[in-house]
Amino acid sequence: MNLRTVFLTTGLLSLAYASSVSAVDRNLPFPEGTPTATEIAEQVYFANHLYAFDNFSIGAHKSKNRKAVLINRSADGTDNTIAVERHLNNSYDSDGSIKARDLAIFRSGKLKGTGMLVTEYDDPAKDSSYMLWIPSLRKIRRFAQPAHEDSWGGSVFTFGDVTLRKPEHETHELLGKKKMRSCLGAIAELEDRGFRYVQKLPEKSCRNIGKEVYGLKSTTKFPNWWYDYRISLVDTKTFADYRTVYYKDGEMIKIIDRDWGVMEDKLASSDPRALFWRYWYGVDLKTGKESWAVIPERIIEFNRDVGNRFWSERTLRRIKR
Amino acid sequence: MQKYKTLGTLILLATFSVLAPTGVLAASESYIQAVKLDIGEFENDIWVEPPDSEWFPKSQKFSAGRSDSVASFSAFVQDRFPGSYLLFNKLDDNSQNKVWQNYNKTGDLGGIRSDIYSLWKQARRNRYKR
């Protein structure tokens, strides 16, 4: 098995995971009054890393139609599909060394049975640890943190887009507030169609329409980077970032849309940032490649009564091929 | 001979256009235009009604953001916030225009009511001063 491929393809596993330590943690309070651009970026980071939850699982119950799926469509229309199960744990003592752990397991294709455990530490100087269970070898391998620009699961999303980019990696500017006007993207030919692993794919989402959003312009601090700046449309009430558009040399080069759901639970009323993704859609305007990560709401569980022991090497070794 | 040459060129072109990768055509052009329009509103401040598109659902027709004048905005306020409309109606043209412009800028529905109330209070205070 090509280990690099395995590693890069593990992107979906760490969908909401902060693989490197950030100043933003679970204790970040909900802002009072009008937040600054940097505060908005921090709140977006909080929502995207699911810090409002003790633990969060996608596809915890074993069933062939209860998985999250990542569909990558190349410009010539060829599809590649990966089914994934994922478990995130944010519930570690603040005095301990571990900040969060994220376990993900591939349930389809050549990577079926491969598992990955990512550990984030409290110590800001300490890199995250990546452990990969390789079923063909029946061994665990450790890896260094991937590069920000590496493709996430072979998709148009990069590791920076989904996990690694932190608020301090960019300078932020508030463009203003407005209503969001357009629906979110989706792979048109697959909308509302039956699909393996998820039973049925959703239609493009328009639930974001009419929501009041901040326009947040974030300019990268990295020199010679793949984008110059990006503009995000961020919900003023929940800090859900519905859309991010990337620009290079003044040209729009990539779009990422996120359809967010709200937890119908006490948790949602206590913290508006207790959100989850229904799907991510991305398109690379240079190559024409599209990616769609779909997470059916019925397979999401949170704050389950599961011990921290579940997020360990032991669970990795028990994954069945 | 020239006829065959032209025919050959046409066949080659047709073959190329079929085999060439679709590139940016993968995502629909209407979607990309919709994204550009949506983001562009931050620069333009005022929302311009887009051409008929699946990316802008019809329900938006009832949105105040699509008001093209204070008069249509006033009708929206009357329909949506009948209580606040009573105060809105008492405002002078400048203040009404200010509420509309503020809404266009922010898209904040809640802001309509608070703007109306604060402008009405301010107008009342000014009247007493005189």
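Colleague: Where along the sequence do the contacts of chain A lie, and what share of those with a separation of 6 or more joins residues 24 or more positions apart?

Modeller: In this predicted model, residues 24 or more positions apart account for 63% of the contacts in chain A with a separation of 6 or more. For chain B the corresponding share is 52%.

Colleague: Which secondary-structure elements does each chain have?

Modeller: Chain A has five helices and 17 strands. Chain B has six helices and zero strands, and its elements run α-α-α-α-α-α from the N terminus on.

Colleague: How much of each chain is buried, and how much surface is left accessible?

Modeller: Of the 321 residues of chain A, 61% count as buried. In chain B, buried residues make up 35% of the 130 residues. Chain A exposes about 12,900 Å², with 47% supplied by carbon and sulfur atoms. The accessible surface of chain B is about 8,700 Å², and carbon and sulfur atoms hold 57% of that area.

Colleague: How should one read the internal cavities, and how many of 30 Å³ or more are there?

Modeller: Rolling a probe the size of a water molecule over the atoms shows where empty space is left. The structure holds three cavities of 30 Å³ or more, and the largest cavity has a volume of about 280 Å³. This largest cavity is lined by 25 residues, of which A:Val44, A:Asn48, A:Arg165, A:Arg230 and A:Asp241 are the closest to its centre. Among the elements of chain A that give two or more residues to this lining are helix H2 (37-48), helix H3 (159-164), strand E12 (229-235) and strand E13 (241-248). By class, the lining has eleven nonpolar, seven polar and seven charged residues.

Colleague: Turning to the helices of chain B, which residues of helix H3 (residues 70-80) are buried, and where do they sit around the axis?

Modeller: The buried residues of H3(B) are B:Phe73, B:Ser74, B:Phe76 and B:Val77. They cover an arc of only 160° around the axis, and therefore lie on the same side of H3(B). On the other side of this helix, B:Ala71 and B:Asp79 are exposed.

Colleague: Which residues are buried in helix H4 (residues 82-90) of chain B, and which exposed residues are on the face turned away from them?

Modeller: In H4(B), B:Ser84, B:Tyr85, B:Leu87 and B:Phe88 are buried. Seen down the axis, these residues fall within an arc of 165°, so they line one face of the helix. The face turned away from that buried side carries the exposed residues B:Pro82, B:Leu86 and B:Lys90.

Colleague: What is the sign of phi at A:Asn224 and A:Asn303, and where do these residues lie?

Modeller: Most residues other than glycine have a negative phi. A:Asn224, although not a glycine, has a positive phi of about 50°; its place is in the loop between E11 and E12 of chain A. With a relative accessible area of 79%, A:Asn224 is exposed. Phi of A:Asn303 is likewise positive, near 50°. A:Asn303 lies in the loop between E17 and helix H5 (313-317) of chain A, and is partly exposed at a relative accessible area of 33%.

Colleague: Is A:Ile295 buried or exposed, and in which loop is it found?

Modeller: A:Ile295 is found in the loop between strand E16 (290-294) and strand E17 (300-302) of chain A. Its relative accessibility is 4%, so A:Ile295 counts as buried. From A:Ile295 to A:Asp249 the separation is 46 residues in sequence and 34 Å in space, C-alpha to C-alpha.

Key: Residues are numbered from 1 along each chain as its sequence is written. Chains are lettered from A and ligands numbered from 1 in the order in which they are written. This is a predicted model: local features need pLDDT of at least 70, side-chain atom pairs count only at pLDDT 80 or more; totals for chains, interfaces and linings use all residues. Side-chain values use heavy atoms; hydrogens and water are left out. Helices (H or I, at least four residues) and strands (E, at least two) are DSSP runs, numbered from the N terminus. Buried means under 20% relative accessible area, exposed over 50%, partly exposed in between (1.4 Å probe, protein chains only). Contact means heavy atoms within 4.5 Å. Accessible areas come from the Shrake-Rupley method with a 1.4 Å probe; for residues, only the protein chains shown count as cover. On a 1 Å grid over the protein atoms alone, a cavity is a set of points where a 1.4 Å probe fits but cannot get out, and a pocket is an open set with protein on both sides within 12 Å along at least five of seven lines; lining residues have an atom within 4 Å of a point. Grid points are joined across faces, edges and corners, and a volume is the space filled by probe spheres set on the points. Ala, Val, Leu, Ile, Met, Phe, Trp, Tyr, Cys and Pro count as nonpolar, Asp, Glu, Lys and Arg as charged, and the others, Gly among them, as polar. The arc is that of the directions from the helix axis to the C-beta atoms.
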